[in-house]
Amino acid sequence: MELNSRTPAGPIEQQWDRARFEYKLVNPANKRKYDVIVVGAGLAGASAAATLAELGYNVHCFVYHDSPRRAHSIAAQGGINAAKNYQNDGDSVRRLFYDTVKGGDFRARESNVYRLAQNSVNIIDQAVAQGVPFAREYGGLLANRSFGGAQVSRTFYARGQTGQQLLLGAYQQMMRMVGTGQVKLHTMHEMLDLVVEDGVARGIVVRDMRTGEIRSHSAHAVVLCTGGYGNVFYLSTNAKYSNATAIWRAYKRGAAFGNPCFTQIHPTCIPQSGEHQSKLVLMSESLRNDGRVWVPKRKEDCAKAPDQIPEQDRDYYLERRYPSFGNLAPRDIASRAAKVVCDEGRGVGPGGLGVYLDFADAIKRLGEEKIRERYGNLFDMYANITGENPYKVPMRIYPAVHYTMGGLWVDYDLQSTIPGLFVAGEANFSDHGANRLGASALMQGLSDGYFILPYTIGNYLAGVKGGPIANTGAAFKAVEAEVDGRMKRLLSINGKRTPDSIHKELGRLMWEKCGMERTREGLTEALAEIPKLREEFWHNVRVPGSENDLNQALEKAGRIADFLELGELMVRDALHREESCGGHFRAEYQTEEGEALRDDEKFAYVAAWEYRGDDQAPALHKEPLVFENVKLAQRSYK
Amino acid sequence: MGGINGRAMNLTLKVWRQAGPGAEGRFETYQAEGISSDASFLEMLDVVNEGLIEQGDEPIAFSHDCREGICGSCALMINGVAHGPVKGAATCQVHMRSFGDGEQITVEPWRASAFPVVKDLVVDRTALDRIIQVGGFISAPTGGARDANEILVAKPDADEAMDAAACIGCGACVAACPNGSASLFTSAKVTHLGMLPQGQPERSRRVVAMVAQMDEEGFGGCSLFGECQEACPKLISIDTINRMHHDYLRAVLTLRPERSGAGEG
């Protein structure tokens with residue numbers, strides 16, 4: 001397998017211009033001869049489907065929800081970054097680029113990140129044109145707020161529902177194109193495999209979740225916009241359906257998987273309340289603009305009510321350790337700092353797994369009304385879940401799995417190692433390195449979908465013959481049979497354990513051994529335990545019902561089967577990366593102050609894993625990362 | 001049971017089971033035992049479903065996904081109330097502390113002719129997407145936008161647009177309405193886009209097309225009962241329906257015939 005990043009030559013500021021000029025174009029009259037499959041309709045999928053359809057390609061969009069508006073992008077709260085510099089506070093494309101590369105702990109490809117920063121400004125223009133109701137100042141101009149890892153105010157937001165509003169903007173553009181017939185929408189259809197014929201992506205095999213019918217769809221290009229794989233951990237802030245099946249199946253068909261161990265643990269989530277817990281809920285990072293994070297200085301105080309702990313007995317540990325960024329330290333750093341104080345026995349709430357996020361000072365300074373205006377819906381959400389009033393009592397928060405920086409490896413064109421297979425949004429590995437900055441996921445999804453894929457797919461299609469593609473060839477039939485066989489096998493095991501019980505066991509294992517802190521010893525153990533759990537699944541899982549109608553247990557079991565394989569690859573990747581960077585913290589590699597210790601000599605590369613069969617270890621390929629525009633340095637937020 | 005205030009509860013559930021779209025449905029009774037009052041309503045159903053799977057029975061099918069009140073998937077009638085007893089909350093945001101120990105709870109799908117049952121508690125709401133498809137957008141093809149700050153929007157207008165745009169498309173308004181009307185859903189989008197300067201060029205054709213599609217899909221008319229705003233998890237106001245009626249009237253009185261080549265729709 002050859003990894004060619006296809007980064008254009010020349011100064012970084014000119015690369016995207018140059019690429020766009022050099023890309024081949026498809027004649028407007030010929031565009032209708034090309035079919036493009038888009039899987040998923042989150043920010044990346046909906047924006048790509050809409051834009052490709054506007055250009056004149058025939059787009060088929062597949063979603064497993066009953067409506068494309070339900071994709072998990074909808075849940076993003078805090079905002080979207082853009083280098084508009086509307087606040088005149090020193091922002092620029094270069095600064096957003098720099099912050100993102102540094103925030104990712106120097107494990108992202110410079111050229112991609114620079115382009116992302118360039119596109120950021122167009123995204124805001126596009127969203128406003130669509131009617132996205134961003135927050136406004138009284139004069140009618142757009143408002144901004146700050147977010148973690150940045151010292152400028154560049155985040156645009158729509159209350160605490162920015163993801164929802166940006167997604168509805170993209171969804172509405174896509175539905176407009178459904179209305180014209182240029183997008184064919186397939187709801188409640190789950191992609192269960194990829195079809196590769198003659199070395200190129202030719203289509204997908206889907207299951208109609210209403211009827212159970214397994215069917216093939218062919219196209220000249222396939223785009224996966226299927227999100228991240230945080231649900232490997234069972235408990236995460238991801239929606240319950242979010243899964244890795246589409247990218248995992250593509251991996252097993254030959255697409256390299258980049259940096260699978262790079263997982264983001266978000267610092268501000270509502271702590272777990274009990275065994276029944278089915279998912280974790282995030283509280284937007286924007287809360288850290290006004291909330292102060294603390295724990296008691298002494299263990300003995302942890303059981304006391306927070307208002308019984310005087311100021312001098314509180315440890316505002318982020319402000320203490322990182323005076324210049326304080327409570328706005330990046331996510332990986334804030335999460336690990338919370339773990340450190342909880343490990344010291346200074347955590348609060350059930351099990352000592354929580355820290356306070358306190359708004360008392362901000363309420364004193366700004367008044368309760370102002371805080372309500374800024375965060376009202378988040379405070380309501382917290383009160384609803386915990387039964388506590390955060391205007392009176394500090395919130396309790398704890399880190400939770402939130403985002404996966406890893407994903408399918410893509411080149412500068414967002415094309416995977418399988419020609420004709422493109423990957424966008426959280427599903428790909430690009431842009432965020434080893435840690436994503438807040439308000440950058442929405443930016444990346446929309447940059448990929450609105451502004452990158454429409455060019456790069458055109459360039460690919462210009463070299464491919466148009467016209468109908470059969471979906472009846474041997475390759476299609478073989479994959480259909482495999483998918484069907486897999487469904488039948490899951491239904492026939494008839495063991496004793498529910499799919500969820502095995503998923504929970506995998507989740508605990510991953511959280512303990514491949515979570516916020518990793519060790520050689522723990523990872524080695526996990527590498528031995530996961531295959532056993534997989535064995536248990538395939539011999540002892542119980543999936544009731546039939547394959548011929550809506551069967552949510554069957555859908556779930558299929559996704560868990562893939563998590564049980566992907567988990568192992570994540571562990572393998574974490575074990576091989578003998579350094580700490582961003583969200584990947586190996587206990588053996590830390591500075592005297594407990595910060596992540598990178599090893600740029602040995603590990604300044606993207607780890608791209610190639611599948612070589614179920615009975616063989618995957619092959620590791622390395623894409624060296626070259627830093628010409630940002631100086632490699634130890635990240636400091638002090 | 002974990003949690004700060006959690007206590008264990010036992011409940012009796014009467015749940016609508018229906019094998020498929022054409023099949024006859026019936027209520028089945030289940031016991032939910034040892035449920036934490038800190039659990040969400042859907043987590044309570046998870047516990048019941050785990051028990052059913054262990055017995056080899058099919059779990060109760062229900063729609064859900066984000067479980068934080070924003071994706072609009074969850075859609076249960078709980079004791080005859082869309083999304084249950086908590087005002088301004090979706091089903092997934094209802095916690096068991098809202099019920100009494102030993103209580104009997106009836107759980108049904110949305111009932112509306114435009115929302116056929118797929119299975120058990122899952123209904124087909126694609127009719128709502130088709131309402132958006134005919135006009136619930138501003139035609140803004142990618143690439144043609146001017147600088148965002150060139151469009152000024154007064155803060156009260158932006159706020160009112162946002163209030164309406166908060167709709168999660170769950171369909172509770174339809175389920176709660178005695179007429180099965182989708183007026184609150186439709187008017188929320190009409191209001192969101194109609195409040196903004198960007199939404200003006202298509203304002204008339206938007207409302208006419210969306211109202212026509214609402215009828216086409218078999219949703220009922222609006223009698224301003226107000227049940228919809230009571231059920232709405234995002235507390236969208238029935239005032240948006242007045243705005244839609246106003247816009248509709250204005251549109252049918254003033255809309256000029258479209259000529260061919262007037263752009264795609």
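**Reading the sheet, the core and the chain contact**

Five strands of chain A form an open sheet in the order E11-E15-E14-E12-E13, with antiparallel pairing. The model is a predicted one.

Me: What makes E11(A) and E13(A) the edge strands of this sheet?
Reply: Strand E11 (263–269) and strand E13 (314–315) of chain A each pair on one side only.

Me: How do you know that E11(A) and E15(A) pair?
Reply: Pairing asks for at least two bridges between two strands. E11(A) and E15(A) have five, in the antiparallel sense, so they qualify as a pair. If you'd like one bridge to look at, Gln264(A) has Tyr403(A) of E15(A) as its partner.

Me: And what joins E14(A) to its neighbours E15(A) and E12(A)?
Reply: Three bridges link E14(A) to E15(A), running antiparallel; among the partners, Val355(A) is matched with Ile397(A) in E15(A). Strand E12 (residues 292–296) of chain A is likewise joined to strand E14 (residues 355–358) of chain A by three bridges, again antiparallel. There, Val293(A) stands opposite Leu357(A) in E14(A).

Me: Why is strand E15 of chain A called largely enclosed?
Reply: A residue is buried when 20 or more other C-beta atoms lie within 10 Å of its own. In E15(A), residues 395–404, 10 of the 10 residues are buried, so the strand is largely enclosed by the rest of the structure.

Me: Which residues have the most contacts inside the largest nonpolar core?
Reply: That core has 291 residues, and the ones with the most contacts inside it are Val36(A), Ala49(A), Met174(A), Val223(A), Leu408(A), Cys173(B) and Val174(B). H15(A) gives the most to this core, with 13 residues. Met174(A) is a nice one to inspect: leaving aside residues up to four places away in sequence, Met174(A) touches Ala41(A), Ala46(A), Ala49(A), Ala50(A), Cys61(A), Pro68(A) and Val183(A).

Me: Now the two chains. How many residues of each are in contact?
Reply: 65 residues of chain A are in contact with 76 residues of chain B. On the chain A side, helices H2 (43–55), H4 (110–130), H5 (162–180), H10 (368–386) and H15 (552–576) each supply at least two residues. H5(A) provides the largest share, 10 residues. By class, this side of chain A has 23 nonpolar, 26 polar and 16 charged residues.

Me: What does chain B look like by itself, in helices and strands?
Reply: Chain B has eight helices and seven strands, and its C-alpha trace spans about 65 × 45 × 35 Å along its principal axes. Of the 265 residues in chain B, 52% are buried. Among contacts in chain B between residues at least 6 apart in sequence, 71% join residues at least 24 apart.

Me: Why are H6(B) and H8(B) called roughly perpendicular?
Reply: Helix H6 (residues 203–216) and helix H8 (residues 239–254) of chain B pack at an angle of about 110°, with axes 9 Å apart. Angles of 65 to 115 degrees count as roughly perpendicular, so H6(B) is roughly perpendicular to H8(B). From H6(B), the contact takes Arg203(B), Ser204(B), Val207(B), Val208(B) and Val211(B); from H8(B), Met244(B), Asp247(B), Tyr248(B), Ala251(B), Val252(B) and Thr254(B).

Me: How do the residues of that contact of H6(B) with H8(B) divide by class?
Reply: Seven are nonpolar, two polar and two charged. Arg and Asp count as charged, and the contact includes Arg203(B) and Asp247(B).

Definitions and conventions
Residues numbered from 1 in each chain as written. Chains lettered and ligands numbered in written order. Predicted model: local features only at pLDDT ≥ 70, side-chain atom pairs only at ≥ 80, totals over all residues. Axes fitted to C-alpha atoms, helices over the stretch in contact; angles between N-to-C directions. Helix = DSSP H or I, 4+ residues; strand = E, 2+ residues; numbered from the N terminus. Parallel < 35°, antiparallel > 145°, perpendicular 65-115°, else oblique. Contact = placed C-beta atoms within 7 Å. Buried ≥ 20, exposed ≤ 12 C-beta atoms within 10 Å, placed from the backbone. Core = buried A, V, L, I, M, F, W, Y, C linked by C-beta atoms within 7 Å.
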